[in-house]
Amino acid sequence: MTIQSRFGPYGGRYVPETVIPALDELAAAYERLKDDSGFRAELNSLLKDFVGRPTPLYFAGRLTAKLGGPRIYLKREDLCHTGAHKINNTVGQLLLAAEMGKKRIIAETGAGQHGVATATAAALFGIPCAIYMGIKDIARQELNVVRMKLLGAEVVPVSSGSQTLKDAMNDAIRDWVGNVEHTYYVIGSVAGPAPYPALVRDFQSVIGREARQQVLESEGRLPDELVACVGGGSNAMGLFAAFLDDQVSMTGVEAAGEGLDSGKHGASIERGQRGVLHGSMSYILQDAYGQIIEAHSISAGLDYPGVGPEHSWLHDEGRVRYDSVTDAEALAAFTLLSETEGIIPALESAHAIAWIVKHAGDYGKDGVVIVNLSGRGDKDVHQAARALGIME
Amino acid sequence: MSRLEELFKGRSKKALLMPYTTGGYPTVKDCRQVLEAFIAGGADMIELGVPFSDPLADGPVVQASTQQALDQGVTPDDVLQLASEFASRVPVVLMIYYNCVFAYGQDRFVEAAAAAGVDGLIVPDLPVDEGEEFIEACRARGVDAILLVAPTSPDERIKLIAGSASGFIYCVSVAGVTGARTSLSEQLPDFLGRVRARTDVPLAVGFGVSTSEHAAEVARFADGVIIGSRLISMVDEAPDIGDGCRKIVKFLKEVNEVLK
């Protein structure tokens, strides 16, 4: 089966001609290797011994009690090596890059989690790596900048445009266009030109495969609802993919920022229109002339004016519900989970927690909900402390 | 044969000269002066860019010029207006990113471009495989869809692109984004030879062509020379628009000498 490049009208390859042959080469390599037993064995061994999989499906008893049901399970991607789900994908892509004989790795990063995960996997494989990061994100995610440098990566500051993830991705693509023959571009979300959306989904789908088996073991049935935050949407696709053929409801939670009507948000599906950004057709935040509008979220990982093309399709098909929560609601959930469960979530993941807090009443006491805890919150403590008034 | 193809076929010089600037840069008013300088310098065609917030095929110089135009609120309609003012004097080709075409409405945009007298449209992020409907819309309205080929394009892809090409084929001189470079790629003659062997459509070379020496080299193998970033830098670095335009006229005349 060839790799999916379109999701209904979404997806495709809207990139300069120069990189088309490289996308063909990548698709062919992935096609050849994805079901290869040697490749699978090596990937599984890295996921187990390096990443620390499987991650637990943890029953959040105190949160469940506090909300009065439903029974809430957390898929603990925060316990992955480097502290987020991003490493599932970067280890897979680095294995591909090494098989393809690529000599240099590049990536874009927003919150820095994908940058750290790429730098980590590049160090593991001994391949030099450069990470593009907006100067605004460098300022608010200092910890991850230091981690990337410690891992031997070059962090390239991006000062154009919005100075966040969107422009980091522009510059990574520009670098790739100029160095395409020996450089491998590790895209961190289910976005970008084909085959990336399908490839990243496949590498992340280990989340949902594990969760499905784990919930069947602990509850003896499938869950009623899956909840995950959506920026580009890789952790959500990773969780949802294994359940798409099941009678399971799913919700992707976008960043409402300071409110959907404030103009300062990252809700590409709820408030965007169809368009092309970073190589694929999807819902994007844009003005009437097609100029991309800057996104806003307290969480750098959700601060993106686009979304993966498969999410746009799942939305149009009505298979997944997309909703949003505000910065303030996410912050409250950040505190709530820390205090009730002893888990400090990433601000991105706190959006998913906030959604179930708001909608707990929609499920009976015996309802079962899985929330993807996509990352841990160490990187966010300074920003949260400022926002919560714990620190100056 | 399209008007652009006739222009190439009937030329009396080694290669045609096509200067580029961003529409509405440095201001809509001063952009008119830059376009006048292009004509005074002997431009055979003019390429005008529609500013886009995320120009991922462009290097820093063009990026900064598009941002400056956007900051002043320049829209695709403003650039179409500029094009219509000059199209009766010199053939005009527009460069526009696909999201701007899509937001405008593909058919509606091609129609507006045709009405403005635009001869060709270049969409740098719309490869031939995604461009079927767009190319059809252009064909229906007598506008050339100018397709790009890159040094990385294998022979079969060049053949595929050539099969849909009209006007001219935009040959990207190097794997990379737009911007002045100190030297041309050593592989350029070889690359242009591969393209030439697969099409009768004229070939124009852009990306990194920034001196008359480069232009002379390109003219040995191609039918057209595209220069952009170097000209924008002349406007950037000049104390005022008049001075920038004088430098542009002088430079383009020098380039035209070597293209004779």
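Trainee: Is A:T82 buried or exposed?
Mentor: In this predicted model, A:T82 counts as buried, because its relative accessibility is 7% and buried means under 20%.

Trainee: Where in chain A does A:T82 lie?
Mentor: A:T82 lies in the loop between strand 4 and helix 4, and that helix covers residues 86–99.

Trainee: What is the phi of A:T82?
Mentor: The value is near 75°, which is positive, and A:T82 is a residue other than glycine. For context, most residues other than glycine have a negative phi.

Trainee: What about A:Q163; what is its phi?
Mentor: A:Q163 also has a positive phi, near 60°, and is likewise a residue other than glycine. The residue is found in the loop of chain A between strand 7 (154–158) and helix 8 (165–178).

Trainee: And what does A:Q163 count as in terms of accessibility?
Mentor: A:Q163 counts as partly exposed, because its relative accessibility is 22% and the partly exposed class lies between the 20% and 50% cut-offs.

Trainee: Changing topic: which peptide bond leading to A:P70 is cis?
Mentor: The bond from A:G69 to A:P70 is cis, and its omega is near 0°. A:P70 lies in the loop of chain A between helix 3 (61–67) and strand 4 (71–76).

Trainee: What is the omega of the bond from B:Y25 to B:P26?
Mentor: Omega is near -5° there, and that bond is cis. Most peptide bonds are trans.

Trainee: Where does B:P26 lie?
Mentor: B:P26 lies in the loop of chain B that runs between strand 1 (16–22) and helix 2 (28–40).

Notes:
Residues numbered from 1 in each chain as written. Chains lettered and ligands numbered in written order. Predicted model: local features only at pLDDT ≥ 70, side-chain atom pairs only at ≥ 80, totals over all residues. Heavy atoms only, no water. Helix = DSSP H or I, 4+ residues; strand = E, 2+ residues; numbered from the N terminus. Buried < 20%, exposed > 50% of the residue type's maximum accessible area, 1.4 Å probe, protein only.
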